[in-house]
Amino acid sequence: MTVIGIIGAGEIGSQIARAAIANGYDVVIANSRGPETLQGLIDELGPAARAATAAGAAANGEFAVVAVPLKVVNDMPAEELAGKIVLDTNNYMAWRDGHFPVIDSGEKTVHELRQAHLPLSKIVKAFNHIQAPRITTAGKPAGAPDRLALSASSDFPEAVELVTRLYDQFGFDTADNSPLTESWRSGPGQPAWVAHEHQTRADLIANLARAQRIILD
Ligand SMILES: NC(=O)c1ccc[n+]([C@@H]2O[C@H](COP(=O)([O-])OP(=O)(O)OC[C@H]3O[C@@H](n4cnc5c(N)ncnc54)[C@H](OP(=O)(O)O)[C@@H]3O)[C@@H](O)[C@H]2O)c1
C-alpha cells in the first residue's frame with residue numbers, strides 16, 4: 001500500500017486525502033494544531049487514514065503533498081521531506097500571504113521558492129488550478145472527450161511522472177508545464193487558472209501558452 005504524507009488538512013489537503021483513499025492509497029495527514037484536532041476528519045476518512053504532526057506525515061509518506069500556503073520563512077519539515085517527491089498545491093495570493101518581493105519582481109516563481117526552502121526534495125506544482133471540491137467529483141475515465149486536464153511543473157521528470165499517474169487515477173489528464181521557472185503560467189489570474197472548470201488537455205496547453213507574466217514594482 002502506498003502511503004502519502006499530506007501536510008495541510010484544509011480544503012485541498014482533505015480533498016486530496018479523500019481522492020487518494022478512494023484510489024487505494026493510505027494517508028498520514030497533518031495540520032498546524034496537532035493530530036488530536038483532526039479526529040473528526042480521520043473518523044470520516046476511515047482506516048486508511050491517520051493523523052500525525054507535519055514531520056510525522058512527511059516521514060511516513062513515500063511521497064508528500066504540501067497543501068499549505070507558502071511562508072517567507074520555511075515552516076515545512078525539510079529534513080523529513082528530504083529525498084522525496086513533494087507535490088505543492090500552493091497559489092501565491094499576496095492579499096492572504098503578504099508580499100514576497102522575490103516573487104513580485106519575477107526573480108523566482110513561488111514554486112522555485114518552495115524548492116529553495118526544501119532543497120533536498122523534488123518539488124512539483126500540482127492541483128493548483130482546480131477548486132478543492134472538484135478533485136473528487138470532476139474526474140472522468142481516460143479517453144473521455146471532455147476529460148479535464150491539470151498542469152504539473154517540476155525540475156524533476158520523475159516527479160511529473162508521479163503526478164501524471166496520480167491525476168490519471170483521479171480522472172484527469174496532464175499538461176507538463178515544466179520546469180519550475182515556467183510554473184507562473186498556471187498561477188492565479190492566468191488563463192489556465194481562470195478556465196479550470198472546462199479545460200481539456202488541448203485547451204490547457206493553449207491557455208498555458210497564452211499566459212502573460214505579471215511583474216509588480
Ligand atoms: N481551496 C482550494 O480550492 C485550493 C485549490 C488549489 C490550490 N489551493 C492552494 O493550496 C493551499 C492550501 O489551500 P487550502 O484552501 O487547503 O487552505 P486551508 O483550507 O486554509 O488549509 C490550510 C491547511 O494548512 C495547515 N497548515 C498551515 N500551516 C501549517 C504548518 N506549518 N504545518 C502543518 N500544517 C499547516 C492548516 O492547519 P490549521 O488549520 O491547523 O492551521 C490547514 O489544515 C493554498 O496555497 C491555496 O491557495 C487551494
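**Overall fold and the packing of helix 10**

In this predicted model, the protein chain is built from 10 helices and 8 strands. Its radius of gyration is 16 Å, close to the 17 Å that the globule rule gives for 217 residues, so the chain is as compact as a globular protein of that length. Taken along the principal axes, the box filled by the C-alpha atoms is roughly 45 × 40 × 30 Å.

A few chain-wide totals round out this picture. Of the 217 residues, 53% count as buried. Among contacts with a separation of 6 or more, 64% are made by residues 24 or more positions apart. The accessible surface of the protein chain comes to about 9600 Å², and carbon and sulfur atoms contribute 55% of that area. As for charge, the chain carries 18 positive and 25 negative side chains, with the centres of the two sets 2 Å apart.

Helix 10 offers a helpful local example. This helix spans residues 201-210, and within it L204, N207 and L208 are buried. These three cover an arc of only 100° around the axis, which puts them on the same side of helix 10. The pattern follows a familiar rule: an α-helix has 3.6 residues a turn, so residues three or four places apart point the same way. The other side of helix 10 holds the exposed residues A202, A209 and R210.

What do the buried residues of helix 10 pack against? Their partners are strand 7 (149-154), strand 8 (173-176) and helix 9 (191-194).

How values were computed: Residues are numbered from 1 along each chain as its sequence is written. This is a predicted model: local features need pLDDT of at least 70, side-chain atom pairs count only at pLDDT 80 or more; totals for chains, interfaces and linings use all residues. Side-chain values use heavy atoms; hydrogens and water are left out. Buried means under 20% relative accessible area, exposed over 50%, partly exposed in between (1.4 Å probe, protein chains only). Helices (H or I, at least four residues) and strands (E, at least two) are DSSP runs, numbered from the N terminus. The arc is that of the directions from the helix axis to the C-beta atoms. Contact means heavy atoms within 4.5 Å. The radius of gyration is taken over C-alpha atoms; the globule rule is 2.2 Å times the number of residues to the power 0.38. Accessible areas come from the Shrake-Rupley method with a 1.4 Å probe; for residues, only the protein chains shown count as cover. Lys and Arg count as positive and Asp and Glu as negative; His and the chain ends are not counted. The place of a charge is taken as NZ of Lys, CZ of Arg, CG of Asp or CD of Glu.
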